[in-house]
Amino acid sequence: MNLQAITLVSFGYFEKEILEKTADAVSEEYHCQVFIRDGHMDLSEFYDSARRQYNGYALLKQVNSMPFPESEKILGIFNVDLFVPILTFIFGQAFLGGQTGIASLYRLSNERYGMVSDAQLMLDRFKKEVIHELGHTLGLIHCTNPKCVMRSSTYVEDIDQKEQNLCRDCRLKLDI
């Protein structure tokens with residue numbers, strides 16, 4: 001794999017530190033340049049009032065339609081509650097082997113689950129989710145290694161149990 005650049009596109013307000021530390025983690029994992037860009041779209045058209053959530057697949061398609069010619073891979077970053085029709089919620093989604101993925105910070109904070117705030121834990125979860133979704137854009141499927149960042153995550157506890165990095169087998173598949 002000879003990936004040159006990835007663009008992280010923030011839709012909504014994110015603390016600069018979250019964006020920069022996530023970009024650094026992505027750059028370190030995938031050995032490429034990472035750009036941070038601001039994106040703009042009217043999120044209201046993606047809102048499902050019956051579910052009180054945002055349609056992840058529709059958002060993914062919208063981000064996929066936006067040109068970012070400086071990068072081979074694009075990841076849209078949101079802070080809204082995402083869903084796909086067959087699941088209650090999702091942390092993110094990507095086109096397998098495609099150009100685009102999305103990830104949301106919304107369900108990654110302890111406060112959502114009635115626990116004490118932990119900014120570092122939320123950031124760690126977010127970096128893992130972004131790296132995971134980008135792995136899908138690179139053609140990786142879910143891994144069975146419990147520590148691999150490509151392991152499927154249904155709950156935040158699943159994210160907490162895995163590491164921020166690809167396992168040896170996933171690295172070999174990508175030749176990095």
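User: In this predicted model, where does the charged end of Arg107 sit?

Analyst: The charged end of Arg107 sits over the ring of Phe89, at 4.0 Å from the centre of that ring. A second case of this kind involves Arg112, which lies over the face of Tyr106 at 3.6 Å from the ring centre.

User: How should I read pairs of rings, and how many aromatic pairs does the structure hold?

Analyst: Two things are read for each pair, the distance between the ring centres and the angle between the planes, with planes under 30 degrees apart counting as stacked and planes over 60 as edge-to-face. The structure holds 5 aromatic pairs. One of them joins Phe14 and Phe126, whose ring centres are 6.4 Å apart and whose planes stand at 15 degrees, so this pair is stacked. Because Phe14 lies in the loop between β1 (5-10) and α1 (16-30), while Phe126 belongs to helix α3 (residues 119-137), the pair ties together parts that are 112 residues apart in sequence. Both Phe14 and Phe126 are buried.

User: Why do the rings of Tyr57 and Phe95 count as edge-to-face?

Analyst: Their planes are at 80 degrees, with the centres 6.1 Å apart, and therefore the pair of Tyr57 and Phe95 is edge-to-face. Tyr57 lies in helix α2 and Phe95 in the loop between β8 (92-94) and β9 (100-104), so that parts 38 residues apart in sequence are tied together by this pair. As for accessibility, Tyr57 is partly exposed with a relative accessible area of 38%, and Phe95 is partly exposed as well, with a value of 22%.

User: How do I read the order of strands in a sheet, and which are the edge strands β3 and β7 paired with on each side, one side or both?

Analyst: The order names the strands as they lie beside one another, and here an open sheet of 4 strands has the order β3-β4-β6-β7, with mixed pairing. The edge strands, β3 (47-48) and β7 (87-90), each pair on one side only. Within this sheet, β4 (residues 53-55) and β6 (residues 82-84) pair in the parallel sense over 2 bridges, and Tyr54 stands opposite Leu82 in β6. Helix α2 (residues 56-64) packs on the sheet, where it touches β4, β6 and β7, and its direction makes about 50 degrees with that of β4.

User: What is the order of the open sheet of 5 strands?

Analyst: That open sheet has the order β2-β1-β5-β9-β8, again with mixed pairing. Its edge strands are β2 (33-38) and β8, each of which pairs on one side only. Neighbouring strands of this sheet are turned by 15 degrees against each other on average, direction ignored. Strands β8 and β9 run antiparallel and are joined by 3 bridges, and the bridge partner of Gly92 in β9 is Ala103. Helix α2 packs on this sheet too, touching β5 (73-78), β8 and β9, with its direction at about 130 degrees to that of β9. Helix α3 lies across β1, β5, β8 and β9, running at about 160 degrees to β9.

User: Why does the sulfur of Cys148 form no bond with the closest cysteine sulfur?

Analyst: A disulfide needs two cysteine sulfur atoms within 2.5 Å. The sulfur of Cys148 is 3.7 Å from the closest cysteine sulfur, in Cys167, and therefore too far for a bond. For Cys167, the closest cysteine sulfur is in Cys143, at 3.7 Å, which is also too far. By this rule the count comes to 0 disulfides. Cys148 is buried, with a relative accessible area of 1%, and Cys167 is buried at 10%.

Definitions and conventions:
Residues numbered from 1 in each chain as written. Predicted model: local features only at pLDDT ≥ 70, side-chain atom pairs only at ≥ 80, totals over all residues. Heavy atoms only, no water. Buried < 20%, exposed > 50% of the residue type's maximum accessible area, 1.4 Å probe, protein only. Pairing = 2+ DSSP bridges. Contact = heavy atoms within 4.5 Å. Axes fitted to C-alpha atoms, helices over the stretch in contact; angles between N-to-C directions. Phe/Tyr/Trp six-rings, centres within 6.5 Å; stacked < 30°, edge-to-face > 60°. Lys NZ or Arg CZ within 6 Å of the ring centre and 35° of its normal.
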